[in-house]
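Trainee: I'm new to this one and would like a close look at a single part of it. Could you walk me through that spot and then show me what lies around it?

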Protein chains: 4
Amino acid sequence: MRLALEPPTDPTAYDFSHPIRVRFAETDAMGIVHHAGYLTYFEEARVAYLRHLDHPYDKVRAEGIDFAVLEAYVHYRQPLRFDDVVDVFVSVGEVTRVTCQLGYFLQLGDTSIATGVTVHGCVNPAGRPVRLPDWLRSVADDKGWTGRR
Amino acid sequence: MRLALEPPTDPTAYDFSHPIRVRFAETDAMGIVHHAGYLTYFEEARVAYLRHLDHPYDKVRAEGIDFAVLEAYVHYRQPLRFDDVVDVFVSVGEVTRVTCQLGYFLQLGDTSIATGVTVHGCVNPAGRPVRLPDWLRSVADDKGWTGRR
Amino acid sequence: MRLALEPPTDPTAYDFSHPIRVRFAETDAMGIVHHAGYLTYFEEARVAYLRHLDHPYDKVRAEGIDFAVLEAYVHYRQPLRFDDVVDVFVSVGEVTRVTCQLGYFLQLGDTSIATGVTVHGCVNPAGRPVRLPDWLRSVADDKGWTGRR
Amino acid sequence: MRLALEPPTDPTAYDFSHPIRVRFAETDAMGIVHHAGYLTYFEEARVAYLRHLDHPYDKVRAEGIDFAVLEAYVHYRQPLRFDDVVDVFVSVGEVTRVTCQLGYFLQLGDTSIATGVTVHGCVNPAGRPVRLPDWLRSVADDKGWTGRR
């Protein structure tokens with residue numbers, strides 16, 4: 001297990017945020033967003049974050065790299081409902097030579113909805129691990145999120 | 001619009017059936033299966049039907065053909081709920097030189113849940129229309145489902 | 001079958017449009033948006049359209065009505081890919097005393113991606129058919145989309 | 001963070017297994033099952049496991065309890081592809097007075113596909129924490145999976 005971030009429930013600790021409006025299709029019979037949907041929200045925010053960093057996915061792939069998801073973690077704190085507009089905060093939290101970890105915080109107004117982490121391996125088109133690009137490494141200045149375990 | 005089938009709500013009119021148990025993730029905040037999920041049920045039944053016809057998808061692709069979805073139609077009659085086990089009846093209902101239409105009927109016990117149609121184009125790996133394979137053509141004996149419009 | 005609209009591939013024929021950016025999770029192994037996802041795009045656009053009409057879903061429900069999906073139809077013309085931003089055009093196309101039909105057109109740049117129709121029944125919280133509200137009836141001026149069949 | 005299990009990649013360490021055939025709709029443009037789909041597989045296996053324990057969900061709810069998802073973790077080891085039939089092994093791994101943790105292991109033939117954990121809170125219909133039922137507590141004999149952190 002590589003998972004090593006403790007994403008804070010403080011919006012100011014993050015580099016970027018992206019709003020997502022909950023679709024009806026994403027709710028379940030408990031009347032709330034199904035728990036699997038949070039990983040899709042993380043992904044949408046991650047893609048927007050890369051675009052914000054001036055490295056949209058098509059450019060990343062044109063550079064010959066892709067990011068395989070190695071691990072994912074979600075801590076559900078309060079439910080989301082249909083038509084809620086949730087802010088997804090995201091930052092690169094830790095990097096190694098071939099992996100990076102992103103931390104997420106979902107906030108609805110002043111309510112903490114969820115936190116989460118995804119761990120990615122940098123791979124080439126053949127799926128082989130390759131060195132993390134410098135632009136991604138440079139984003140990951142120490143945020144003091146680690147050391148939990 | 002190629003859609004030209006009127007799938008009956010009579011199980012005996014179909015060649016094949018496939019049971020699907022409703023996942024919780026497939027329900028929505030109305031407490032029922034979200035309407036988009038029916039197309040996924042059709043697809044699962046279609047794949048099982050091809051396997052039953054001794055032409056599973058990997059074999060079909062090895063023959064150099066794929067089936068692009070051109071049109072889809074669903075008539076929702078009664079809702080489905082979590083953990084329901086619905087029988088999905090399916091048959092090839094009409095073919096042309098390069099397309100085929102499949103009809104579907106979902107039944108829960110004695111209750112008619114839905115009917116539907118998907119229209120598929122036979123294409124090669126480059127996405128170009130190609131002639132329907134003979135085995136598929138031979139399945140599509142006239143079922144008297146057409147002529148509605 | 002109530003389905004009776006032929007939505008045009010002309011953006012100017014629609015009252016409203018709503019942009020949607022394709023999520024990676026919505027693609028499939030053919031590298032394109034899975035066909036079931038279009039119904040979810042229709043729904044997101046429909047919800048935005050109701051908001052635009054000053055009748056967001058929570059207000060509609062507070063008025064004691066809901067819209068059950070009775071039928072859905074999609075005509076797939078060209079594929080969508082990850083990160084595409086597609087415009088979803090939508091309009092009420094036909095109403096009866098208790099049902100309404102909405103037409104949809106998806107366009108990517110100048111490319112026609114898909115058209116579709118959803119048929120809705122107006123119901124009360126107990127699921128019984130009720131009369132369509134006046135505000136919705138008034139939106140459905142004749143668009144000349146019907147009569148196809 | 002309550003997450004405290006290290007589910008082994010050994011099928012014999014689990015109480016129960018449940019086969020799932022991958023749907024085409026669950027794949028993504030990388031040609032593999034999208035990472036969010038694993039949480040849905042866990043859920044389907046969890047529901048089957050409760051049924052196997054003679055406490056299917058409707059019976060559990062009739063007893064006035066529900067299980068809220070508090071945390072979820074997935075470790076992705078090898079990809080899954082369309083039409084693969086994966087075995088999902090599952091067991092209750094740890095309980096407290098009001099929570100339980102389930103461990104999962106996905107295996108395809110002899111290949112380890114993924115491991116994962118979900119943490120659940122036992123709640124009443126009003127969403128208030130309630131004591132774990134005895135039948136669930138009794139299932140959770142020590143499996144020696146904990147203590148990782």
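Trainee: Let's take R23(D): does it count as buried or exposed?

Mentor: R23(D) counts as buried, because its relative accessibility is 9%, and buried means under 20% relative accessible area, with exposed being over 50% and partly exposed in between (1.4 Å probe, protein chains only). Before we go on, some ground rules: this is a predicted model, where local features need pLDDT of at least 70, side-chain atom pairs count only at pLDDT 80 or more, and totals for chains, interfaces and linings use all residues. Residues are numbered from 1 along each chain as its sequence is written, chains are lettered from A and ligands numbered from 1 in the order in which they are written, and side-chain values use heavy atoms, leaving out hydrogens and water.

Now, who is the partner? R23(D) forms a salt bridge with E44(B), with 2.6 Å between the closest N and O atoms. The pair joins two chains, because E44(B) lies in helix 1 (residues 37–52) of chain B, while R23(D) lies in the loop between strand 1 (16–21) and helix 1 (37–52) of chain D. By salt bridge I mean a side-chain nitrogen of Lys or Arg within 4 Å of a carboxyl oxygen of Asp or Glu. Helices (H or I, at least four residues) and strands (E, at least two) are DSSP runs, numbered from the N terminus. Unlike the buried arginine, E44(B) is partly exposed, at 22% relative accessible area.

Chains D and B have another link. The side chains of D83(D) and R51(B) form a salt bridge too, with the closest N and O atoms 3.6 Å apart. Here D83(D) sits in the loop between strand 2 (66–76) and strand 3 (85–95) of chain D, and its partner R51(B) is in helix 1 of chain B. D83(D) is buried at 18%, and R51(B) is partly exposed at 30%. There's a network as well: salt bridges that share partners join R23(B), E26(B), E44(B), R23(D), E26(D) and E44(D).

You can look for a matching pair elsewhere. R23(A) and E44(C) form a salt bridge, 2.6 Å from N to O. That pair also crosses between chains, from the loop between strand 1 (16–21) and helix 1 of chain A to helix 1 (residues 37–52) of chain C. R23(A) is buried, with a relative accessible area of 8%, and E44(C) is partly exposed at 22%. Over all chains, the count comes to 33 salt bridges.

Next, see how chain D meets chain A. A turn of 180° and a shift of 0.0 Å along the axis lay chain A on chain D with an RMSD of 0.0 Å; the fit is by least squares on the C-alpha atoms of residues with pLDDT of at least 70 in both copies. The two copies are thus related as by a two-fold rotation axis. In chain A, Y73(A) has the C-alpha nearest that axis, 2.2 Å away.

Their contact (heavy atoms within 4.5 Å) takes 22 residues from chain A and 22 residues from chain D. Together they bury about 2100 Å², 59% of it on carbon and sulfur atoms. In chain A, the residues losing the most area to chain D are M1(A), H35(A) and Y73(A), together 26% of what that side buries. Buried area here is the accessible area (1.4 Å probe) that two parts lose on being put together, summed over both. Between chain A and chain D the count is zero salt bridges.

Last, turn to chain D and chain C. Chain D superposes on chain C by a rotation of 180° with 0.0 Å of shift along its axis (RMSD 0.0 Å). D28(D) comes closest to that axis among the residues of chain D, its C-alpha being 1.9 Å away. In this interface, eight residues of chain D are in contact with eight residues of chain C. The two chains bury about 700 Å² between them, with 75% of that on carbon and sulfur atoms. F24(D), A29(D) and H34(D) supply 57% of the area that chain D buries there, more than any other three residues. Zero salt bridges cross this interface.
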